[in-house]
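User: I'd like to walk through this fold with you, sheet and helices both. Can you start with the ground rules?

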Amino acid sequence: MAERNIEGPSARATRLLRALRREPVDCTPVWLMRQAGRYLPEYNQSRAAAGDFLALCQSPDRACEVTLQPLRRFDLDAAILFSDILTIPDAMGLGLRFAAGEGPWFERPVRDEADVAHLAVPDPEVELRYVCDAVRLIRRELGGRVPLIGFSGSPWTLACYMVEGRGSSDFRLIKTLRYRRPDLLHRILEVVTEAVIGYLNAQIAAGAQVVMIFDTWGGVLSDADFVACSQSYLARIVAAVADKTVPVVVFTKGGGLWLERLADTGAAAVGVDWTVDLADARRRIGTRVALQGNLDPMALMGSADTVRQQVVATLERYDADPSLSPGLGHVFNLGHGLSQFTPPDSVAVLVETVHRHSAEIRRRRASSSSLS
């Protein structure tokens, strides 16, 4: 691998933050969900050296190293903290485990009144100190070259894992709880919401310049339950972020029906998955908030030419309305995380194409305006 120098021009240091504030930028910023991960050989080496995934997450030095790895390869406009959304329930004593080929699971899921009664909000500078220490270290190592994004799972998504005990295809256990004991479900969501608020504020205090809330399983809810079990708690978290200068991004996978409601949370930006047309999303909420997204991660399995075509199509859809400022308020990303099977060369093509073509759109529009 030809290692890149992650030093960059000053525009790169502010591009993402300006885009999230819906301010003009020279080209569309790009970062990728799961940009540090198993598709990179150097990440796999780091994980093997750590012994397992949790050990990798819980070592600030190792977490810093894998956070920086993709920035050495690609001209990305942000670093995102390397961690996991399940750190909060693990800190609550549920016993997080990762089995090879099976994904995460909890030794002590939350199933009844007694389990809920034992839940307590962890102190992020005690039980989750390793995360805050990683944030501090990464900020120092970045040296202001690009912003650092912190994150958490949403209360609903964390509750899904806590009750189900692992990932689920039908969410039978938590939905049974919702219909039989909604009071118990909301007690879980209340505790987790307070934990997320404390966790994100601690990350910000440690140096995170943007925070993102991953509502991975919000899309499995009914319309009414999305409002009651997800949106309402997201809005509380956004309102409780202590530093109002720090942009908050909310992302509900499968949440295309609820873009307006997601914008109503007060977040600076709404992430959209690949099922949403960006032109339509911009028409619906893109003058209220920034938009993040939304290439299908599987597009990166195509040829280099296919990747370029798909990136260009995504950028052009965002700028389909000629009456709107080109690229204003757009952060390019995938509609979900990178697959472990993604060719790294495809990521390089994606990042280069985003910067080049988005700058070309701006030049084209400026030229057209000067001639009219």
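Analyst: Sure: two strands count as paired if DSSP finds at least two bridges between them, and helices (H or I, at least four residues) and strands (E, at least two) are DSSP runs numbered from the N terminus. This is a predicted model, where local features need pLDDT of at least 70, side-chain atom pairs count only at pLDDT 80 or more, and totals for chains, interfaces and linings use all residues. Residues are numbered from 1 along each chain as its sequence is written, and side-chain values use heavy atoms, with hydrogens and water left out.

User: Which residue stands opposite Ile 80 in β4?

Analyst: β1 and β4 pair in the parallel sense over two bridges. In that pairing, the residue opposite Ile 80 is Ile 149.

User: What is the strand order in the open sheet?

Analyst: There are seven strands, paired in parallel. β1 (79-80) and β9 (330-331) each have a single partner strand, so they stand at the edges. The order reads β1-β4-β5-β6-β7-β8-β9.

User: How many residues of β4 are buried?

Analyst: Buried means under 20% relative accessible area, with a 1.4 Å probe and protein chains only. Leu 148, Gly 150 and Ser 152 point one way and Ile 149, Phe 151 and Gly 153 the other, and all are buried. β4 (residues 148-153) is largely enclosed by the rest of the structure, because the buried count is six of the six.

User: And in β5, what is the bridge partner of Gly 153?

Analyst: β4 and β5 run parallel, joined by five bridges. Gly 153 has as its bridge partner in β5 Phe 214.

Terms used. Buried < 20%, exposed > 50% of the residue type's maximum accessible area, 1.4 Å probe, protein only.
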